[in-house]
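This report walks through one protein model, moving from a single helix to the charged pairs, the cores and the chain as a whole. Please keep the structure open while reading, and find each named residue as it comes up.

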Amino acid sequence: MRFSHTFIPTLKESPAEAEVISHKLLLRAGMIRKLTSGLYTYLPLGLKALNKVATIVREEMDRAGFLEVLFPMVQPGDLWKETGRWEHYGKELLRFVDRNGRDYCLGPTHEEVVTDLVRGEARSYRDLPLRLYQMQTKFRDEIRPRFGLMRGREFLMKDGYSFDIDVDAAKQSYQTMYDCYTRIFTRLGLRFRAVEADTGSIGGNFSHEFMVLADSGEDTICYCDKCSYAANVERAQVVGCQEIAHTPCPPLECVDTPKQHTVAEVAAFLHAKPSQVIKTMLFRCDTEVVAVLVRGDHAVNPIKLGHLLHATSVELADQACVESVTHAPLGFAGPVGLSLPIYADQSLANGSDYIVGANAQDRHMMHVDLARDVTITAFADLRTITEDDPCPLCGGCIHLTRGIEVGHIFMLGTKYSDAMHADVLNEEGKETTMIMGCYGIGISRTVAAAIEQNHDDKGMLFPWAIAPYRCILLNLDVRKQDVTSVCEDLYQRLCDQGIDILYDDRDERAGVKFKDADLLGIPAQLIVGAKGLKNGTIEAVNRKTGEKTSLALASFDQDFAAFWQSVARSWGDGRES
């Protein structure tokens with residue numbers, strides 16, 4: 001493609017609206033343009049990258065034995081009411097009423113629709129396993145769309161679904177998808193990890209997220225340096241309890257702590273360690289208000305609290321609620337005398353001699369023994385894992401890093417098939433409920449994640465597999481016939497070889513072309529100028545490594561082939577890091 005014949009409106013500066021690097025670079029490189037909040041138009045360059053990701057995903061899904069279908073984006077509300085998600089999904093589900101007064105929604109996902117299809121077609125175990133997938137635009141009415149393609153309201157997604165006769169068969173489908181996703185992200189050239197994850201609003205028995213490792217990632221993941229364990233911190237299990245206190249706890253004492261609100265302030269004021277201070281945090285779990293206790297150097301994990309209480313909604317209580325329950329301002333809540341269900345993290349189970357809020361302004365209690373002074377409803381794993389905790393599998397060291405979720409696979413079990421009566425006859429002729437799995441990849445999000453992971457101060461460093469073009473040819477002297485003649489010849493020869501090439505034939509200054517080439521992040525650069533041609537050479541640059549090579553025109557095919565292979569090798573394969 002000639003630069004002069006395509007549409008790549010590059011920008012010199014990042015728009016003020018852009019927050020993360022992928023958003024800035026996608027806008028600057030003329031790959032996307034904002035229509036309105038959370039909605040983006042894909043320009044030719046952006047669409048090429050998007051389609052390359054989609055092609056790899058489609059090839060591997062087909063290889064895994066899944067069959068491609070296409071469902072409507074608009075879904076009837078009645079299906080969502082069958083599963084109960086019409087009420088529970090939240091405001092992200094964009095609901096509307098048609099001219100006949102019927103409820104509809106724009107699909108954020110398609111569990112109900114695919115289950116409705118399969119329950120009407122599958123009759124017996126002979127029809128299973130059934131494995132379907134689609135690539136389609138999804139819509140989620142995010143409360144705060146941000147970060148460009150990372151968290152938009154409309155996005156392109158691959159969603160797949162499996163239906164099996166029993167749990168063992170469903171586990172095979174799940175493993176098939178786990179292996180398929182590993183191949184996909186490896187082929188895309190991304191550094192990633194598959195981690196245990198919470199099932200969230202989709203539901204199910206267990207799940208794995210596929211995380212692209214990047215410092216800008218919104219999610220924190222943990223992994224062990226000795227075994228294969230990896231998990232989202234929302235899901236990561238914390239093992240072990242604090243050592244048993246062997247000395248008697250002194251009598252309870254209430255002390256003044258004027259203007260000391262935070263754990264650090266209280267600990268310093270009372271000459272204690274943060275681990276000796278207990279945070280008392282109030283949460284509204286569905287309609288119930290509960291108190292949660294954790295050590296001052298730990299953080300409550302609301303996801304774990306929700307699972308413990310089987311709560312659909314878990315929210316930190318607001319100031320009015322805290323003051324109503326404790327009769328004290330924020331920062332002074334404590335469990336002694338509190339008339340609420342009180343849940344404590346397991347790390348507090350065997351300890352003693354703690355400091356807690358006194359439920360009075362500028363007051364705290366010292367020498368608190370939970371067994372003696374507080375009525376605990378239950379001890380449980382209620383906190384977020386830290387690097388001080390051991391691996392729950394092998395006891396090795398835990399490390400934390402940041403990641404961007406690009407794929408998620410779920411073992412759904414019978415959550416949807418039970419609710420929608422998706423049954424078949426088994427080998428004994430008895431009705432049995434189909435076991436489901438659900439498997440998603442954010443196609444557009446993967447493009448953004450690839451940029452978040454691969455960029456420098458000049459622009460993008462597009463992975464070999466998904467670069468919109470793999471080679472860019474720069475004509476530095478378009479007004480000189482000899483230079484243009486060589487460029488035209490090289491362009492045609494490379495096109496004939498099937499190389500995806502962008503020819504910058506614009507009548508622009510060399511500096512503009514260099515900056516645009518670096519911004520676009522195309523892996524291989526060929527630079528043709530009058531100075532090099534005097535020596536019978538052109539310059540080749542590996543965009544990722546910055547390595548420059550001189551290619552002789554007399555032996556161009558041979559020299560270029562070697563350069564081309566070296567650029568491809570510099571990207572190598574992606575790997576599960």
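On helix H13, the residues Gln481 and Asp496 are exposed, and they sit on the face turned away from the helix's buried side. The model in which this is seen is a predicted one, and the same helix is a good place to begin looking at it.

**Helix H13 and its surroundings**

Helix H13 runs over residues 481–496, and its end C-alpha atoms are 22 Å apart, which agrees with the 22 Å that its 16 residues should span at 1.5 Å a residue. Which residues of H13 are buried? They are Val483, Thr484, Val486, Cys487, Leu490, Tyr491 and Leu494. When the helix is viewed down its axis, these buried residues of H13 fall within an arc of 160°, so they line one face of the helix. A general point about helices helps here: an α-helix has 3.6 residues a turn, so residues three or four places apart point the same way.

The buried residues of H13 are covered by several elements, including strand S27 (471–475), strand S28 (501–504), strand S29 (524–528), helix H15 (530–534), S30 and helix H16 (556–571). After H13 comes Gly498, which has a positive phi, near 80°.

**Helix H6**

Helix H6, made of the 21 residues 167–187, reaches 30 Å from its first C-alpha to its last, close to the 30 Å expected at 1.5 Å a residue. At the start of H6, a side-chain oxygen of Asp166 comes to within 3.3 Å of the backbone nitrogen of Asp168, while Gly189, with a positive phi near 80°, follows the helix. The buried residues in H6 include Ala169, Ser173, Met177, Tyr181 and Phe185.

Three residues of this stretch appear again in the nonpolar cores. The largest nonpolar core has 70 residues, and Met177, Tyr181 and Phe185 are those with the most contacts inside it. There is also a second, separate core of 27 residues, which includes Ile499, Leu551, Phe560 and Val567.

**Salt bridges**

Side chains of opposite charge can pair when their charged atoms come close. In this structure there are 34 salt bridges, and three of them are set out below.

| Salt bridge | Closest N to O distance |
|---|---|
| Glu112 and Arg85 | 2.7 Å |
| Arg383 and Asp389 | 2.7 Å |
| Asp518 and Arg543 | 3.7 Å |

Glu112 lies in helix H5 (residues 111–121) and Arg85 in helix H4 (residues 85–88), so their salt bridge ties together parts that are 27 residues apart in sequence. Both Glu112 and Arg85 are buried, and Arg383 and Asp389 are buried as well.

The salt bridge between Asp518 and Arg543 also links distant parts of the chain, for Asp518 is in helix H14 (residues 510–520) and Arg543 is in the loop between strand S30 (537–542) and strand S31 (548–552), 25 residues apart. Are these two partners buried or exposed? Asp518 counts as buried because its relative accessibility is 17%, and Arg543 is buried with a relative accessible area of 5%. Elsewhere, Glu59, Glu60, Arg63, Arg183 and Arg187 are joined into one network by salt bridges that share partners.

**Two residues of strand S14**

Met281 is placed in strand S14 (residues 278–285), and Thr280 is in strand S14 too. At 24% relative accessibility Met281 counts as partly exposed, whereas Thr280, at 12%, counts as buried. Leaving aside neighbours within four places in sequence, Met281 is in contact with Val290, Ala291, Val292, Val300 and Leu316. Under the rule that leaves out residues up to four places away in sequence, Thr280 touches Ala291, Val292, Leu293, Ala333, Gly334, Pro335 and Leu338. Met281 and Val238 are 43 residues apart in sequence, and their C-alpha atoms are 19 Å apart in space.

**The chain as a whole**

The protein chain has 16 helices and 32 strands, and its C-alpha atoms fill a box of roughly 95 × 70 × 50 Å along the principal axes. Of the 577 residues in the chain, 52% are buried. Among contacts between residues at least 6 apart in sequence, 70% join residues at least 24 apart.

Notes
Residues are numbered from 1 along each chain as its sequence is written. Side-chain values use heavy atoms; hydrogens and water are left out. A salt bridge is a side-chain nitrogen of Lys or Arg within 4 Å of a carboxyl oxygen of Asp or Glu. Helices (H or I, at least four residues) and strands (E, at least two) are DSSP runs, numbered from the N terminus. Buried means under 20% relative accessible area, exposed over 50%, partly exposed in between (1.4 Å probe, protein chains only). A nonpolar core is a set of buried Ala, Val, Leu, Ile, Met, Phe, Trp, Tyr and Cys residues joined through side-chain atoms within 4.5 Å. The expected span of a helix is 1.5 Å times one less than its number of residues. A polar contact is a pair of N or O atoms within 3.5 Å; within protein, one must be able to donate a hydrogen and the other to accept it, and residues adjacent in sequence count only if both atoms are side-chain atoms. The arc is that of the directions from the helix axis to the C-beta atoms. Contact means heavy atoms within 4.5 Å.
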